[in-house]
Amino acid sequence: MTQDELKTLVGRAALQYVQAGSIVGVGTGSTVDKFIDALGDALKTQPGLITGAVSSSVRSTERLQALGIQVLPSDTVTGLGVYIDGADEIDHQGNMVKGGGAALTREKIVADLAERFVCIADESKLVKVLGAFPLPVEVIPMASAQVIRAFAKIGGSGKVREGVTTDNGNVIVDVTGLQITDPAQFESDINQWPGVVTVGVFARNKASVCLLGTSEGVKTLGF
Ligand code: 5RP
């Protein structure tokens, strides 16, 4: 199976986690696009499947609205049963690196509203230690050089992602050369740095479940 087919597989499989009549939290990325497509198909035969969605990006909002799904502002919702999103890397404990699509801050906000984070990913995303994928960090523009220098001190090489402004008006610094052996501590340390809006390590808001697309089908990993 191609990577695209694996994404379709897990996008469809995520439907089983959507509670009938609920508001669903929706992430961002090519795998989530498959979930949104599957949701759109399901709504044709089950119009009451969801009552609306909370979205983590302008991109996903537009896709949801194009299907006639009501998108609610996250600050009007007090809680969500489930948040469904992809990942750039996920380890065997459910910690993730996210932000390849530059939506990490809103993803963390919506994930934090939800009781369960269902990660949908193809098998290439499963790693032993986070860090091979360049770590995205959302940074207030005036702090970008300072943040890059701070990463250099801990062995990381950072670069501002060219041509990208986040939905919040900030830049993304991508950092290579890190091995993130203690994701929870790392997340909490980097989030203290002046100018860092969000680091793309999701340890505090890690996955509850990962639906992993493999050539043998969907594997469900529980954390
Ligand atoms: C966007 C993300 C995505 O979930 C992550 O980049 C995975 O994307 P894809 O499903 O396209 O591989 O964090 O900010």
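What is the volume of the largest pocket? In this predicted model, the largest pocket has a volume of about 200 Å³.

**The largest pocket**

Begin by selecting Thr-28, Gly-29, Ser-30, Ala-87 and Asp-88, which lie nearest the centre of the largest pocket. Its lining comprises 16 residues in total. Colour α2 next: the largest share of this lining, 3 residues, comes from that helix.

**The largest nonpolar core**

Keep α2 displayed and turn to the largest nonpolar core, which has 24 residues. Select Val-24, Phe-35, Leu-39, Ile-84 and Leu-211, the members with the most contacts inside this core. The elements that each supply two or more residues are the helices α1 (3–13) and α2 (30–45), together with the strands β1 (22–26), β2 (50–55), β3 (80–85), β6 (114–122) and β12 (209–214). Of these, α2 gives the most, with 6 residues. As a general matter, nonpolar side chains in soluble globular proteins tend to be buried together.

Centre the view on Phe-35 and display its surroundings. Residues up to four places away in sequence being set aside, Phe-35 touches Gly-11, Ala-14, Leu-15, Val-18, Val-24, Val-26, Ile-84 and Ile-120.

**Aromatic pairs**

How many aromatic pairs does the structure hold? There are 2. For one of them, select Tyr-83 and Phe-117, whose rings are arranged edge-to-face, at 5.0 Å centre to centre and with 85° between the planes. This pair links distant parts of the chain, since Tyr-83 belongs to strand β3 and Phe-117 to strand β6, 34 residues apart. Are the two partners buried or exposed? Tyr-83 has 0% relative accessibility and therefore counts as buried. Phe-117 has a relative accessible area of 3%, so this residue is buried as well.

**Lysines over Phe-202**

Move now to Phe-202 and show its ring together with two lysine side chains. Lys-98 lies over the face of this ring, at 5.5 Å from the ring centre. Lys-108 also lies over the face of Phe-202, at 4.9 Å from the ring centre.

**Ala-203**

Step along to Ala-203, in the loop between β11 (201–202) and β12. With 10% relative accessibility, Ala-203 falls under the 20% limit and therefore counts as buried. Beyond its neighbours within four places in sequence, Ala-203 is in contact with Asn-95, Pro-183, Ala-184 and Glu-187. Draw a distance from its C-alpha atom to that of Gln-192: the two are 11 residues apart along the chain and separated by 15 Å.

**Ala-102 and the largest cavity**

The last stop is Ala-102, in the loop between β5 (96–97) and α4 (104–113). What is unusual about its backbone can be put in context: most residues other than glycine have a negative phi. Ala-102, although not a glycine, has a positive phi of about 70°. Ala-102 is buried because its relative accessibility is 13%, under the 20% limit.

Ala-102 also belongs to the lining of the largest cavity. A search of the whole structure finds 1 cavity of 30 Å³ or more, and the largest cavity has a volume of about 30 Å³. To display its surroundings, select Ser-56, Ala-102, Ala-103, Leu-104, Thr-105, Arg-106, Glu-138, Thr-166, Asp-167 and Asn-168. Which element gives the most to this lining? Helix α4 does, with 3 residues.

Notes: Residues numbered from 1 in each chain as written. Predicted model: local features only at pLDDT ≥ 70, side-chain atom pairs only at ≥ 80, totals over all residues. Heavy atoms only, no water. Core = buried A, V, L, I, M, F, W, Y, C linked by side-chain atoms within 4.5 Å. Buried < 20%, exposed > 50% of the residue type's maximum accessible area, 1.4 Å probe, protein only. Helix = DSSP H or I, 4+ residues; strand = E, 2+ residues; numbered from the N terminus. Contact = heavy atoms within 4.5 Å. Phe/Tyr/Trp six-rings, centres within 6.5 Å; stacked < 30°, edge-to-face > 60°. Lys NZ or Arg CZ within 6 Å of the ring centre and 35° of its normal. 1 Å grid on protein atoms, 1.4 Å probe; cavity = no way out; pocket = protein on both sides within 12 Å on 5 of 7 lines; lining within 4 Å. Points joined across faces, edges and corners; volume = space filled by probe spheres on them.
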